[in-house]
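Reader: Could you walk me through this model before I go back to the bench?

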Amino acid sequence: MDFFLNDKFGQMLLVIIAFAALIAVLLAIAWAADKWVGKGRRWAALAVFGGPALLLLVVGLIYPAIRTFYMSFYDAGTNNAVGLQNYIFTVTNTGAVIAFRNTFIWVFLVPIASTLIGLIYAILIDRSRLEKLAKSLLFLPVAISFVGAGIIWKFVYEYRGAAQEQIGLLNAFITWLGFEPVRFLQDAPWNTLFLIAVMIWIQAGFAMVILSAAIKAVPTDIIEAARLDGVNSWEMFRNITVPSIRPSLVVVLTTISIATLKIFDITRTMTGARFDTQVLANQMYDYSFVFGDNGVGSAMAVVIFILVIPLVAFNIRQMAKNRSVRG
Amino acid sequence: MSVEAGVPEVAEVATQRPNRRSTATKFRSLVGNRIGSAVAVVIAVLWTIPTFGLFISSFRPEEDIKSSGWWTFLSNPAFTLDNYQEVLFGRASSGSLSDYFINSLVITVPATVIPLVLATMAAYAFSVLDWRGRDWVFVCVFALQIVPLQMALIPLLRIFSSSGLLDTFPYLSVWVAHSIFALPLAVFLLHNFMSDIPKELVEAARVDGAGHVSVFLRIMLPLMAPAIASVAIFQFIWVWNDLLVGLTFTGANNAIQPLTARLAEMAGSRGQDWQLLTAGAFVSMVLPLIVFLSLQRYFVRGLLAGSVKG
């Protein structure tokens, strides 16, 4: 018993065994319920299959979302109501302008650039002999954590004074060309763009994998027909490829937008949000977990959620559209 | 490394079948021409070099890393395993990376298994079982996918710290948090896949007297295996690479924090110790890279079947 309680792997095994036992019991209940006749049996099946997930979602996402909304109207320790004060602070504090500006630049540039690069690359390597290798190279960053990526790129951006030998690849290249070395991460406002490049580097592979698959799913007879009609490459791309992969493009763009809106790891590891590189998600983290102000932190979380709503609405409309097409 | 050599298939077709329609030739030439290949090579090189540089550096002696660029290694190789030795087993004040590696593993395995089983069952409830309001609830679950985790963190954290369970099972909050946060996307992807399985299969089995449990275990699970595997691989990589949940739900407890949290701390406090950071970054990448490289064919196939309808 000691092993299960005091050893890390023991605890891991214990939780998996307990979970397996729970699932076995649930399935046994559903199995027994199947033998009944009448209305109860449908509800039993529904409760066993859908119940656990829905319960967790209510406890873990819906309740906390409501609670955060509530807390955003209270002071740091959630003791006294302060009205809209936290929201006012969120949009007027000294760093607010920069955090909002940067967040908008991030959410504008990252999805568009990643999707574009992923799409172009997917088209260029489509049906080539080294396609698998080429895909792996672009996808590699997806398997690397934001923290790892941050370190990789800090090394690329590393700055040394003009007199020293550069160890960062970019500055070595720039000085080799005869220019002064650049402080990539310190000099605002350009440093935000260099952080954004890291996110694009990570997300392009994700976009490429999904879009490449979508391109392969375009029926060949449509392409052949278009080719016989003598359309040129641009028309083919615009009138055949893009409309055919539209649902995938929407999925990729929204997924990356949402991931970008929530990004905080890159700024944390690379600049610590200094030098005017602050973004909303990182500011929210700072207020809630570093400064211990739950009120302001919650208000910032709500603001992030409000910014996401248009993306949700857009996605749901697309889903409804797809469903009606599918019939 | 020439992706250029990778396009001949199309280029050959273009030369073998000379085509008088200039526009059609133009299309082929866009794919097969040198500019296209060059662009592909440039992108591939740009995407690979940063990681490659860090990888080379992690094997260079400390003085070399700090005094010259990693590319000088190619002309003047000096190789050492000291960096790895130090980050993995060295006596750092808050433990060596090997401890954190184990923490990450202990966090990631249950946080992959639990949500996947629950999501597969929920997907069954949404795609096979027929009940009122099904579509509405499904849309709600999909929408939850986009609740920022930041919003759920503080209240959820409070539930756990007031329960007292964490004293005995310190990992519990991380496991549960990861499982909850993974559910919306996993249910969404698996549901898409399951709805593509022909209804007739299920109906035939039902007519033969099979209950939902046997339909789920005998028909759905085998057919869903590729999709489940692909979602599992993604979930594994996401949990392994996560920083936010690992940082907040482990509190300040160094003994249970994941690798990423320790690495982020190292990058912050010892930002100039490149020999430790380069090796540390690679220690953290090893497992997701192995998972990805060994299973990529499998998972791309599985994911496509479900999520992307071209």
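Author: What follows goes through the interface, the confidence scores and the salt bridges. This is a predicted model, in which local features need pLDDT of at least 70 and side-chain atom pairs count only at pLDDT 80 or more, while totals for chains, interfaces and linings use all residues. Residues are numbered from 1 along each chain as its sequence is written, chains are lettered from A and ligands numbered from 1 in the order in which they are written, and side-chain values use heavy atoms, with hydrogens and water left out.

Reader: How many residues of chain B are in contact with chain A?

Author: In chain B, 126 residues are in contact with 116 residues of chain A, where contact means heavy atoms within 4.5 Å. The two chains bury about 10700 Å² between them, with 77% of that on carbon and sulfur atoms; buried area is the accessible area (1.4 Å probe) that two parts lose on being put together, summed over both.

Reader: And how many salt bridges cross the interface of chain B and chain A?

Author: The rule finds zero salt bridges across the interface of chain B and chain A, a salt bridge being a side-chain nitrogen of Lys or Arg within 4 Å of a carboxyl oxygen of Asp or Glu. On the side of chain B that touches chain A, the residues divide into 88 nonpolar, 25 polar and 13 charged. Here Ala, Val, Leu, Ile, Met, Phe, Trp, Tyr, Cys and Pro count as nonpolar, Asp, Glu, Lys and Arg as charged, and the others, Gly among them, as polar.

Reader: Switching topic, where in chain B does pLDDT stay under 50?

Author: That happens over residues 1–21 of chain B and over residues 305–310 of chain B; pLDDT is the predictor's confidence in each residue, from 0 to 100. Where pLDDT is low, the predicted coordinates should not be read in detail. Chain B averages a pLDDT of 77, and 81% of the residues score at least 70.

Reader: Which residue forms a salt bridge with R262(B)?

Author: The partner of R262(B) is E265(B), and the closest N and O atoms are 3.2 Å apart. R262(B) counts as buried at 5% relative accessibility, whereas E265(B) is partly exposed at 36%; buried means under 20% relative accessible area, exposed over 50%, partly exposed in between (1.4 Å probe, protein chains only).

Reader: What about E158(A) and R160(A), buried or exposed?

Author: Both E158(A) and R160(A) are buried, and their side chains meet in a salt bridge at 3.6 Å, N to O.
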